[in-house]
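I am opening a new page for what I looked up in this structure, one entry per topic. I want to go through helices, single residues, pockets and aromatic rings in turn.

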Amino acid sequence: MEFHSLKGIIDQKHVEKACSRLIMGTAHFYQYDSRQQAFDMLDEYFKIGGNTFDMAHQYRDSEVIFGEWLHLRKNRSEVHILTKGAHHDDGEPGPRVNPAAISKDISESLERLNTDYIDFYALHRDDESVEVGVIMDVLNQHLAAGQIHAIGASNWSHQRIQEANEYAAAHGLIGFTFNSPNLSLAKCREPRWPGCISVDEHMENWHKGSQMPLLSWSSQAGGFFSGRFAPDRKDHEEMVRVYYTEDNWKRYERAKKLAEEKGVTAIQIALAYVLNQPYPTAAIIGPENSEELMSSVTGSAIKLTAGEMNWLNLMEREASV
């Protein structure tokens, strides 16, 4: 199974391999009964052609588990690691978007991952009280040292990303080359977790203009389109708080209708929505078993017209096929 590629789009000098547009998330691996369950999931994704893995210094054991798998499989040159650091809630009091915390997290991530470089490094949160120049300077020091090969932002506003890249350009530095906010067909009515950023109309327009790749977390809205949830089923507090809105239930009904026409499922349509944007996108997925992984693979191959995209997102009354 071949995935679509971001090769040539995320284009730093050290990033030469094509990157999967389905990115394997690892945040849930600590929940498995054994390391072997996580290893099996990583093996299956890698076997069908996936090569890009998402983790974070802040996620419990994700880097350690992946580092053990990497050591066992000895396939470092065949994979891309995307990891994140400088999260506020990461064992230290106070804001952590500063040179000391960034450098500490990079060093510890490298050790946990059993590697001497990270392909894609993102700042997990922002602190708008910190000048972008200080942040870009320290990230470029690690780029120059070869410890990280490309930098990006997760849960930053597009205005701050633009400001940071303008600073980098003015000072002969490398800027952010990817953005990793939440993008999904179901829209969050409030942040799923504190400090998180979801794509709104303004960020969407910025991506259309800049064509910066967007790597979406919670790309399938936590399973909102899976059929496990309904307006009168309110036992999952987080889903109710974040996704239970009248408009999202309309999107769900439209996804089901279009899925029936195409012979797929609503959650596959929701994934296709993320991957058919008019700018480069990738979807971070968190399959817990083979069936969920293959569902995402099928969803990634679905093509949607601009009319279908607008209709799904309640921008048109009828689908334009």
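**Entry on helix H8.** Working from a predicted model, I listed the buried residues of H8 and found Asn-248, Trp-249, Arg-251, Tyr-252, Arg-254, Ala-255, Leu-258 and Ala-259. I then looked up what these buried residues pack against, and noted helix H7 (237–243), helix H9 (266–275) and helix H11 (306–312). For the length I took 1.5 Å a residue, by which the 17 residues of H8 (residues 246–262) should span 24 Å, and the end C-alpha atoms, at 25 Å apart, agree with that. Just after H8 I noted Gly-263, which has a positive phi of about 70°.

**Entry on helix H4.** I repeated the length check here: the 13 residues of H4 should span 18 Å at 1.5 Å a residue, and the end C-alpha atoms are 18 Å apart, which agrees. The buried residues I wrote down for H4 are Val-132, Gly-133, Ile-135, Met-136, Val-138, Leu-139, Asn-140, His-142 and Leu-143. Their cover includes helix H3 (99–113), S4, strand S5 (151–153) and H5. I reminded myself that an α-helix has 3.6 residues a turn, so residues three or four places apart point the same way. Just after H4, I found Gly-146 with a positive phi of about 80°.

**Entry on three single residues.** I looked up Asn-165 and placed it in helix H5 (residues 158–170). Leaving aside residues up to four places away in sequence, Asn-165 touches Met-136, Gly-175, Phe-176 and Met-212; Met-136 is among the buried residues of H4. I also checked Asn-165 against Ala-38, and these two are 127 residues apart in sequence and 37 Å apart in space, taken from C-alpha to C-alpha.

His-124 came next, and I found it in the loop between strand S4 (120–123) and helix H4 (132–144). Is His-124 buried or exposed? I count His-124 as buried because its relative accessibility is 5%, and the cut-off for buried is under 20%. Again not counting residues up to four places away in sequence, His-124 touches Ala-56, Gln-58, Tyr-59, Lys-84, Gly-85, His-87, Ser-154 and Asn-155.

Gly-49 sits in the loop between helix H1 (35–47) and strand S2 (52–54), and with a relative accessible area of 40% I entered Gly-49 as partly exposed. The C-alpha atoms of Gly-49 and Phe-66 are 17 Å from each other, the two residues being 17 residues apart along the chain.

**Entry on the pockets.** For the largest pocket I noted a volume of about 1500 Å³. Its lining has 48 residues, and Arg-192, Trp-193, Ser-218, Gly-222 and Gly-286 are the closest to the centre. The elements giving two or more residues to this lining are H7, H9, strand S8 (281–285) and helix H10 (290–300), and H10 gives the most, with four residues. By type, I recorded the lining of the largest pocket as 16 nonpolar, 21 polar and eleven charged residues.

The second largest pocket holds about 380 Å³ of space. I found 17 residues in its lining, with Glu-204, Lys-208, Tyr-273, Asn-313 and Met-315 nearest the centre. Helix H6 (201–210) and H11 each supply at least two residues of this lining, and H6 gives the most, with four. The lining of the second largest pocket divides into seven nonpolar, five polar and five charged residues.

**Entry on aromatic rings.** How many aromatic pairs does the count come to? I arrived at 16 aromatic pairs. One of them, Phe-224 with Phe-225, is edge-to-face, at 5.2 Å centre to centre and 85° between the planes. Phe-224 counts as buried because its relative accessibility is 0%, and Phe-225 likewise counts as buried, at 2%. Phe-224 also pairs with Tyr-243, and I entered this pair as tilted, at 6.0 Å centre to centre and 45° between the planes. Phe-224 lies in the loop between strand S7 (214–216) and H7, whereas Tyr-243 lies in helix H7, so the pair ties together parts that are 19 residues apart in sequence. Both Phe-224 and Tyr-243 are buried. Following the ring pairs further, I found a cluster that links Phe-224, Phe-225, Tyr-243, Tyr-244, Trp-249 and Tyr-252; Trp-249 and Tyr-252 had already come up among the buried residues of H8.

Key
Residues numbered from 1 in each chain as written. Predicted model: local features only at pLDDT ≥ 70, side-chain atom pairs only at ≥ 80, totals over all residues. Heavy atoms only, no water. Expected span 1.5 Å × (residues − 1). Buried < 20%, exposed > 50% of the residue type's maximum accessible area, 1.4 Å probe, protein only. Contact = heavy atoms within 4.5 Å. 1 Å grid on protein atoms, 1.4 Å probe; cavity = no way out; pocket = protein on both sides within 12 Å on 5 of 7 lines; lining within 4 Å. Points joined across faces, edges and corners; volume = space filled by probe spheres on them. Nonpolar A, V, L, I, M, F, W, Y, C, P; charged D, E, K, R; others polar. Phe/Tyr/Trp six-rings, centres within 6.5 Å; stacked < 30°, edge-to-face > 60°.
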